[in-house]
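Visitor: Got a minute to look at a model with me? I'd like to go over the ligand site and then the cysteines.
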Amino acid sequence: MPPDVPDPQAPRPSRAFLRDDLADVEPYHVEPHRHRIKLDANESPYDAPPDLKAETAGAFADLRWNRYPDPRARRLRLALADRLGVSVGCVGIGNGSDEIIAGLIHALARPDARVVAPEPTFSMYGILARAAGVEYCGAPLTPDFELDADGLHAALRPDGTNIVFISYPNNPTGACWDRDAIANLLDVPGVLLVLDEAYYEYSGMTFLPDVDTHDNLIVLRTFSKAFGFAALRIGYMVADPDWVGVVDRVRLPYNVNALSQVGALTVLGHDDRVAEHLRWVVDERERVLEALNAVEGIETFRTDANFVLFRAREGADAVFTRLLDAGVLIRNLDRPGLLRDCLRVTIGTPAENTVFLAALLGESSAV
Ligand SMILES: Cc1ncc(COP(=O)(O)O)c(C=O)c1O
């Protein structure tokens with residue numbers, strides 16, 4: 001039997017088949033670290049309440065498991081369309097918003113296309129562009145992580161198509177950038193603007209109403225963050241139905257499984273629970289931000305999301321290791337350039353945040 005992990009020295013049977021431009025691509029990797037408190041992936045710290053899980057499980061048990069799920073997730077699309085005040089044809093569902101990003105790039109991967117994004121941002125835009133063999137161009141943010149509108153315009157390809165991804169708020173830096181600077185892109189010929197609002201529920205800021213008036217705008221949202229449904233993998237797009245049709249051309253037929261479809265429908269019926277969890281996280285964000293700002297040698301950046309980016313004068317590695325020794329896992333983003341000595345912490349429960357802050361200061365505490 002071949003080993004689970006390929007021997008780096010051994011000849012690779014795939015080499016004659018694999019696309020040359022994928023040969024040195026590293027598969028997406030999440031480093032396994034031992035931890036008690038997980039504040040590294042911008043998830044909600046609140047699991048779905050038992051009655052909501054029971055309702056989902058009950059609805060799933062009532063389905064026929066020998067049948068494929070609804071390939072168009074129509075009930076879920078209708079529920080979302082109703083909630084958002086758009087027609088059902090404007091809503092497309094993905095196995096996480098990652099899948100919609102991949103589908104869009106895949107379907108639009110013309111030889112004259114370019115994927116453009118301000119950087120640093122959500123890494124999947126670049127990774128998926130590369131996977132599809134599309135040119136990718138990152139336009140650097142300013143040193144305080146604001147949008148450099150001129151730099152972004154300069155990164156556009158003048159003679160082809162541009163798929164511009166804006167994470168709003170931006171992951172990992174945290175803030176929603178100037179609305180007008182972003183909206184200006186909608187008037188540039190050859191630009192499709194994809195507004196990734198994965199953290200919308202925390203920011204309350206959106207481009208959704210602009211979908212009505214701009215057929216070159218796609219808004220992406222997800223159930224993985226504020227809805228606390230990361231395990232179920234549900235994301236959605238809202239756009240002119242033509243763009244939903246574009247993704248449908250490359251979408252696998254049963255991309256969203258039946259459990260995820262009923263789970264998402266169930267949680268949509270429990271707005272009050274989502275709103276309560278959201279309020280707790282936003283209150284905690286202010287407390288954590290204030291506490292971080294009081295720490296000597298820590299610089300924070302403004303945030304509209306459920307995480308905070310900060311820079312540590314003593315060095316990101318030292319902070320990361322000290323926290324991990326205390327059982328707290330955050331994200332070490334340290335790399336040369338704008339993110340030098342930067343780390344990102346997801347807002348957890350009040351008790352988790354207290355342990356994080358104590359560990360940051362080198363104090364011991366129990367959760
Ligand atoms: C900006 C942004 N977009 C999309 C995603 C992916 O979300 P999903 O779980 O819906 O694939 C993430 C996840 O961290 C994100 O930060």
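Guide: Sure. Keep in mind that this is a predicted model. Of the 14 residues around the ligand, Ser97, Asp196, Thr222, Ser224 and Arg233 come nearest.

Visitor: How does the shell around the ligand divide into nonpolar, polar and charged?
Guide: It has 4 nonpolar, 6 polar and 4 charged residues.

Visitor: Which polar side-chain atom lies 2.7 Å from a ligand oxygen?
Guide: One belonging to tyrosine 199. Asparagine 171 also has a polar side-chain atom by a ligand oxygen, at 2.8 Å. For lysine 225, a side-chain N or O atom is 2.9 Å from an oxygen of the ligand.

Visitor: And how much of the ligand does the protein bury?
Guide: The protein buries 92%. That is out of the 400 Å² the ligand exposes when taken alone.

Visitor: Which pocket does the ligand sit in?
Guide: The largest one.

Visitor: Switching topic. How many disulfides are there?
Guide: The structure holds 0. Take cysteine 176, which is in no disulfide. The nearest cysteine sulfur belongs to cysteine 342 and is 19 Å away. A disulfide needs the two sulfurs within 2.5 Å, so that pair does not qualify.

Visitor: Is cysteine 176 buried or exposed?
Guide: Buried. Its relative accessible area is 5%, and the cut-off for buried is under 20%.

Visitor: What about cysteine 137, how does that one count?
Guide: Cysteine 137 is partly exposed, because its relative accessibility is 22%. That class runs between the 20% and 50% cut-offs.

Conventions. Residues numbered from 1 in each chain as written. Predicted model: local features only at pLDDT ≥ 70, side-chain atom pairs only at ≥ 80, totals over all residues. Heavy atoms only, no water. Near = heavy atom within 4 Å. Polar contact = N/O pair within 3.5 Å; in protein donor to acceptor, adjacent residues only side chain to side chain. Areas by Shrake-Rupley, 256 points an atom, 1.4 Å probe, with all protein chains shown as cover. 1 Å grid on protein atoms, 1.4 Å probe; cavity = no way out; pocket = protein on both sides within 12 Å on 5 of 7 lines; lining within 4 Å. Sits in = over half its atoms within 2 Å of the grid points. Nonpolar A, V, L, I, M, F, W, Y, C, P; charged D, E, K, R; others polar. Buried < 20%, exposed > 50% of the residue type's maximum accessible area, 1.4 Å probe, protein only.
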